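Please walk through the fold shown below, starting with the chain as a whole and then turning to a pair of helices and a single residue.

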Amino acid sequence: MERDDLIVNDSYSVNARHGEQEGAAIRKKIWKVTGLLTALTVVEVFMGVQFKRDGGNVWEAVKLGFLFLTLVKAAYIVLVFMHLGDERRNLKYVVLLPYALFIMYLIYIGLWEGVSVQELNNSYR
Amino acid sequence: MSGHSKPISKEELWGGGQSPFSVSYGKMMMWFFLVSDALTFGGLLTAYGVVRHGTANPWPVGEQVFEALPGLSGAYPLIYVALMTFILIVSSVTMVLAVEAGHRLDKKGVVKWLGLTILGGFFFLGSQAWEWSHYIHGSGGGFQISQPVDVTTDSGRTLHLNAGTWVHMTPTFGHEYEHALSAAEEFAPAAAHNGHGHGSEHAEAAHHPSLSELKPSELVINKYVRVGKGSESVAKEMVTGGTEVEKIWAAREDHTFAFGANMSKNEYGPQQYANFFFFVTGFHGFHVFSGVLINIIIWLMVIKGAFDKLGHYEMIEKIGLYWHFVDLVWVFVFTFYYLV
């Protein structure tokens with residue numbers, strides 16, 4: 001099994017370099033992702049303007065939509081702009097997995113406690 | 001990034017002679033720091049969610065609170081904050097382009113793109129400062145009523161307002177009343193509560209209309225309240241009829257007047273709303289500020305040729321990581337505080 005952690009092929013991060021042609025291709029990719037992020041934001045703003053905040057099921061779906069689109073934007077920023085997608089696979093895991101696990105737990109426990117506090121407030125305030 | 005055939009000196013490698021994941025120590029540690037900072041902000045936003053969910057008062061609607069543009073009157077819901085988000089995202093793009101220029105050892109390119117990033121950062125900070133000042137200043141202020149009032153709004157709906165309900169004033173009248181209130185308190189603190197006092201009346205009349213003379217011509221009900229699921233609360237309604245306005249004005253509780261936001265009360269509703277606004281956006285703004293400072297220092301180093309001498313522009317990548325992190329946090333803060 002290939003060890004992922006040692007320097008192979010002289011590809012140490014400090015020596016990372018690319019020439020003009022590769023640079024042009026990379027810049028094109030950067031602009032494409034920028035366009036995608038802008039498009040996603042436009043969709044979000046449109047959703048926020050179009051659908052009325054009436055407490056019904058439509059608004060719940062809109063909120064979930066916001067969350068999903070924001071996560072997609074975050075993924076693109078981390079993987080492309082922060083170049084995490086170009087790093088070794090294990091470095092990606094080291095950065096993303098602990099955070100994902102912890103934040104999922106935190107959100108779950110936050111919602112659970114929040115619901116409890118609200119019910120207590122309603123009953124005893 | 002494709003490799004290059006320069007032999008790696010022992011000094012560059014980590015202490016044990018190896019470098020995990022082929023990344024330099026500085027880059028690895030920047031990632032570790034970003035994970036920890038992301039946990040901090042994640043914790044703050046979760047705390048915001050818990051407090052908001054647990055608050056009995058109606059939580060203000062972002063569109064109503066943030067609808068001002070600098071220099072213009074009128075309502076532009078969330079436009080300014082969308083502009084701020086756009087500025088920060090554009091600065092992130094210029095930062096990526098600076099990193100890419102660094103990979104080609106293109107010093108001029110780095111100077112240009114990093115300079116634009118710094119500019120974007122300053123614009124964001126300035127905009128945030130304006131947001132804060134407008135938030136603190138308020139949009140006319142409000143008060144609570146001391147007894148129940150039944151009122152017919154402009155749209156014809158009859159609402160029953162319980163004691164303690166917030167009623168808001170329109171900006172022009174609100175600011176006028178705020179000045180009169182603080183002027184009255186300045187000359188005779190006790191007089192402010194009675195509306196007139198023997199010694200101060202003369203001085204008051206000279207500078208401002210006396211408190212008791214000021215009367216609103218219109219008031220706003222449920223200004224910041226969202227429509228509740230299955231509850232009776234409705235969205236923002238205006239009350240303009242003379243008698244209706246008088247009814248509400250007569251029921252006002254003098255000591256509950258709040259203009260904008262301060263350390264003890266705010267006109268938007270629950271105190272926690274203002275607390276979280278200042279803490280989360282302030283903490284984030286502090287990160288942007290430190291990011292801009294670091295960017296300026298590195299930018300000056302680039303101009304002086306420090307990285308040409310070193311042989312690589314990895315420092316740009318590292319500060320780029322920090323800058324993207326700051327942008328990412330803002331995307332989440334914007335979504336959870338302003339939109340949802």
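In chain B of this predicted model, residues 24 or more positions apart account for 69% of the contacts with a separation of 6 or more. The chain has 340 residues, of which 36% are buried. Its secondary structure consists of eleven helices and six strands.

Helix 3 of chain B covers residues 79-103, and its 25 residues should span 36 Å at 1.5 Å a residue; the C-alpha atoms at its ends are 37 Å apart, which agrees with that expectation. Just after this helix, B:Leu105 has a positive phi of about 55°. Helix 4 of chain B then occupies residues 107-137.

How do the two helices meet? The axes of helix 3 and helix 4 of chain B come within 8 Å and cross at roughly 160°. Angles over 145 degrees count as roughly antiparallel, and helix 3 and helix 4 of chain B are therefore roughly antiparallel to each other. Their crossing is left-handed. In the contact between helix 3 and helix 4 of chain B there are 15 nonpolar residues, nine polar ones and one charged one.

Further along the chain, B:His287 lies in helix 9 of chain B, which comprises residues 271-304. Is B:His287 buried or partly exposed? There are 19 other C-beta atoms within 10 Å, and burial requires 20 or more, so B:His287 counts as partly exposed. The C-alpha atom of B:His287 is separated by 34 Å from that of B:Phe257, and the two residues are 30 residues apart along the chain.

Key. Residues numbered from 1 in each chain as written. Chains lettered and ligands numbered in written order. Predicted model: local features only at pLDDT ≥ 70, side-chain atom pairs only at ≥ 80, totals over all residues. Helix = DSSP H or I, 4+ residues; strand = E, 2+ residues; numbered from the N terminus. Expected span 1.5 Å × (residues − 1). Axes fitted to C-alpha atoms, helices over the stretch in contact; angles between N-to-C directions. Parallel < 35°, antiparallel > 145°, perpendicular 65-115°, else oblique. Left-handed = near helix turned anticlockwise from the far one by under 90°. Nonpolar A, V, L, I, M, F, W, Y, C, P; charged D, E, K, R; others polar. Buried ≥ 20, exposed ≤ 12 C-beta atoms within 10 Å, placed from the backbone. Contact = placed C-beta atoms within 7 Å.
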